[in-house]
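The following exercises concern a single protein chain. Each task is followed by a solution worked in steps.

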Amino acid sequence: DIIPQPLLDQYLSMTDPARAQTVDTEIAKHCAYSLPGVALTLGRQNWHCLKDTYETLASDVQWKVRRTLAFSIHELAVILGDQLTAADLVPIFNGFLKDLDEVRIGVLKHLYDFLKLLHADKRREYLYQLQEFVVTDNSRNWRFRYELAEQLILILELYNPNDVYDYLRHIALTLCSDKVSEVRWISFKLVVAILQKFFANSANALGLNFISELVVRFRHCSKWVGRQAFAFICQVG
């Protein structure tokens with residue numbers, strides 16, 4: 001009743017490989033781009049009409065199609081709600097995390113937006129995987145690491161101080177020693193945000209331990225760039 005059945009059938013047929021040869025080589029990408037809008041129009045109660053098409057697009061051989069979905073998966077999660085997201089989108093999301101950098105960046109740019117929609121226990125599973133974002137297919141892709149630092153500043157609010165200390169602290173320290181100055185600078189802001197998180201939540205012992213680690217690692221560093229990093233961290237703070 002919402003969309004005429006012939007129109008919906010026409011949309012769903014856009015993933016047919018034959019259409020790519022006869023109509024438009026990028027028809028699957030257009031289908032992927034439009035999918036959140038179609039899902040919003042149909043409503044979550046009719047998600048079953050789109051689920052197979054979404055899974056087909058998510059495994060398309062063209063990385064541009066998968067990239068398009070990766071950039072909008074957080075929007076689709078809002079439309080579908082937590083239960084459908086956990087059941088149908090999380091497996092797709094996990095696949096994108098292991099994809100090419102061109103696809104992973106779509107997930108990374110909206111990582112906070114997606115994680116905040118998950119239940120705390122499901123969200124906690126990703127603590128182990130955040131470290132993987134530090135490694136890229138091309139080490140010169142410094143904007144990827146910059147984006148990671150920016151997202152982590154937001155993500156801090158989703159985890160308790162102990163989890164931040166055990167997992168996110170290590171990533172922040174790694175990024176603070178990046179070869180690219182822009183990555184280091186945003187990482188100094190991340191370090192300060194972590195310290196603020198500790199002291200705002202009365203996790204003073206964790207905060208003092210982290211400060212001691214920063215002093216040893218940067219203040220007493222034999223290289224000037226390390227000592228400069230310590231000065232910058234103090235300046236940001």
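**Exercise 1. Describe the order of secondary structure elements along the chain and the overall extent of the fold.**

Solution. Read from the N terminus, the elements run α-α-α-α-α-α-α-α-α-α-α-α-α. The tally is accordingly 13 helices and zero strands. The model under study is a predicted one. Next, consider extent: the C-alpha trace spans about 70 × 35 × 25 Å along its principal axes. Then turn to burial, where 47% of the 237 residues count as buried. Finally, examine the contacts between residues at least 6 apart in sequence: 67% of them join residues at least 24 apart.

**Exercise 2. State how the chain is divided into domains, and characterise the area buried between them.**

Solution. Begin with the domain assignment, which gives domain 1 as residues 1-118 and domain 2 as residues 143-236. The C-alpha centres of these two domains are 35 Å apart. At the interface, ten residues of domain 1 are in contact with nine residues of domain 2. The two domains bury about 900 Å² between them, and carbon and sulfur atoms account for 75% of that area. To locate the main contributors on the domain 1 side, take Leu 108, Lys 109 and Tyr 112: they supply 62% of the area that domain 1 buries against domain 2, more than any other three residues.

**Exercise 3. Identify the polar interactions between the domains and the helices that form the domain 1 side.**

Solution. First count the interactions. Five residue pairs are in polar contact between domain 1 and domain 2, and the number of salt bridges between the two domains is one. A salt bridge joins the side chains of Lys 109 and Glu 147, with an N to O distance of 3.1 Å. Next assign the domain 1 side to its helices: α6 (101-109) and α7 (111-115) each supply at least two residues of the side that touches domain 2. The largest share, five residues, comes from α6. Last, classify the residues on this side of domain 1: five are nonpolar, one is polar and four are charged.

**Exercise 4. Determine how far α6 is covered, and by what.**

Solution. Count the buried residues first: seven of the nine residues of α6 are buried, and the helix is mostly covered. The buried positions are Asp 101, Val 103, Arg 104, Ile 105, Gly 106, Val 107 and Leu 108. Then look for the surrounding elements; what covers these buried residues includes α5 (63-97), α7 and α9.

**Exercise 5. Two loop residues, Ser 202 and Gln 129, are to be examined. Is Ser 202 buried or exposed? Is Gln 129 buried or exposed?**

Solution. Start with Ser 202, which lies in the loop between α11 (181-200) and α12 (204-219). Its phi is positive, about 60°, although Ser 202 is not a glycine. The cut-off for an exposed residue is over 50% relative accessible area. Ser 202 has a relative accessibility of 62% and therefore counts as exposed.

Gln 129 is found in the loop between α8 (120-124) and α9 (142-155). Here the cut-off for a buried residue applies, under 20% relative accessible area. The relative accessibility of Gln 129 is 17%, so Gln 129 counts as buried. As a last step, list its contacts: leaving aside residues up to four places away in sequence, Gln 129 touches Leu 97 and Lys 98.

Definitions and conventions
Residues numbered from 1 in each chain as written. Predicted model: local features only at pLDDT ≥ 70, side-chain atom pairs only at ≥ 80, totals over all residues. Heavy atoms only, no water. Domains from an automatic or database assignment. Contact = heavy atoms within 4.5 Å. Buried area = accessible area lost by both parts, 1.4 Å probe. Salt bridge = Lys/Arg side-chain N within 4 Å of Asp/Glu carboxyl O. Polar contact = N/O pair within 3.5 Å; in protein donor to acceptor, adjacent residues only side chain to side chain. Helix = DSSP H or I, 4+ residues; strand = E, 2+ residues; numbered from the N terminus. Nonpolar A, V, L, I, M, F, W, Y, C, P; charged D, E, K, R; others polar. Buried < 20%, exposed > 50% of the residue type's maximum accessible area, 1.4 Å probe, protein only.
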